[in-house]
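Here's a friendly walk through one chain, for anyone meeting it now. Have a look at the picture, then read on.

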Amino acid sequence: DFAEVLRTTGFAFAPGLLNVILGALPPVDAAGLHLPPSLLSAGWIVVASIVAVRQALDFSTIRAIGTYGVAYVLLWMLLAGALISIPV
């Protein structure tokens with residue numbers, strides 16, 4: 001149901017708190033790549049969200065990736081439309 005999806009995706013977004021804690025640290029050097037901590041936590045959130053959708057809705061992994069991907073694109077389209085409509 002809706003409450004289960006909301007609860008699991010809420011827990012999936014918890015690693016976003018690392019942005020606050022790790023925001024002042026320099027980029028992490030992983031295998032020669034200089035990755036900012038926010039990028040690492042964003043990847044963690046994406047993976048955790050896909051797992052949350054898969055578990056809450058009893059989807060296959062591929063279907064959960066598609067569902068999350070469509071929702072992600074729609075969210076960014078909504079945010080972009082809201083930002084464009086704000087007068088300068």
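## Before we start

One term comes up again and again here: two residues are in contact, or touch, when they have heavy atoms within 4.5 Å of each other. Also keep in mind that what you're looking at is a predicted model.

## The overall layout

Let's begin with the big pieces. The chain is built with four helices and two strands. Walk along the sequence and you'll meet them in the order α-α-β-β-α-α.

There are 88 residues in the chain, and 16% of them are buried. The accessible surface adds up to about 6,500 Å², and carbon and sulfur atoms hold 76% of that. As for contacts, take those with a separation of 6 or more: 43% of them link residues that sit 24 or more positions apart.

## Helix α1 against helix α3

A pair of packed helices is described by two things, the angle between their axes and the distance between those axes. How do α1 and α3 run relative to each other, roughly parallel or roughly antiparallel? Helix α1 covers residues 2–12 and helix α3 covers residues 37–57, and they pack at an angle of about 160° with 8 Å between their axes. Angles over 145 degrees count as roughly antiparallel, so that is the label for α1 and α3. The crossing itself is right-handed.

Who does the touching? On the α1 side you'll find Glu4, Val5, Thr8, Thr9 and Ala12, while α3 brings Ile45, Ala48, Ser49, Ala52, Val53, Gln55, Ala56 and Leu57. Sorted by class, the residues of this contact come out as eight nonpolar, four polar and one charged.

## Ala52, one of the α3 residues

Ala52 is part of helix α3. Is Ala52 buried or exposed? Its relative accessibility is 7%, and buried means under 20%, so Ala52 counts as buried.

Once you set aside the neighbours within four places in sequence, Ala52 is in contact with Thr8, Thr9 and Ala12. Ala52 also gives a nice example of sequence distance versus distance in space: Ala52 and Arg7 are 45 residues apart in sequence, yet their C-alpha atoms are 8.9 Å apart.

## Helix α3 against helix α4

Now for another helix pair. The axes of α3 and α4 are 8 Å apart, and the two helices pack at an angle of about 115°. Their crossing is right-handed.

In this contact, Val46, Ser49, Ile50, Val53 and Arg54 of α3 meet Thr61, Ala64, Ile65, Thr67 and Tyr68 of α4. The class count here is six nonpolar, three polar and one charged.

## Ser49, a residue with two partners' worth of helix

Ser49 sits in helix α3, and it is listed both in the contact with α1 and in the contact with α4. Because its relative accessibility is 1%, Ser49 counts as buried. Which residues does Ser49 touch, leaving out those up to four places away in sequence? They are Ala12, Phe13 and Tyr68.

## Asp58, in the loop

Let's finish with the loop between α3 and α4, where Asp58 lies; helix α4 spans 61–84. Most residues other than glycine have a negative phi. Asp58 isn't a glycine, but its phi is positive, at about 55°.

Is Asp58 buried or exposed? With 70% relative accessibility, Asp58 counts as exposed.

Technical notes
Residues are numbered from 1 along each chain as its sequence is written. This is a predicted model: local features need pLDDT of at least 70, side-chain atom pairs count only at pLDDT 80 or more; totals for chains, interfaces and linings use all residues. Side-chain values use heavy atoms; hydrogens and water are left out. Buried means under 20% relative accessible area, exposed over 50%, partly exposed in between (1.4 Å probe, protein chains only). Accessible areas come from the Shrake-Rupley method with a 1.4 Å probe; for residues, only the protein chains shown count as cover. Axes are lines fitted to C-alpha atoms, for helices over the stretch in contact, and angles run from 0 to 180 degrees between N-to-C directions. Angles under 35 degrees count as roughly parallel, over 145 as roughly antiparallel, 65 to 115 as roughly perpendicular and the rest as oblique. A crossing is left-handed if the near helix is turned anticlockwise from the far one by less than a right angle, and right-handed if clockwise. Ala, Val, Leu, Ile, Met, Phe, Trp, Tyr, Cys and Pro count as nonpolar, Asp, Glu, Lys and Arg as charged, and the others, Gly among them, as polar.
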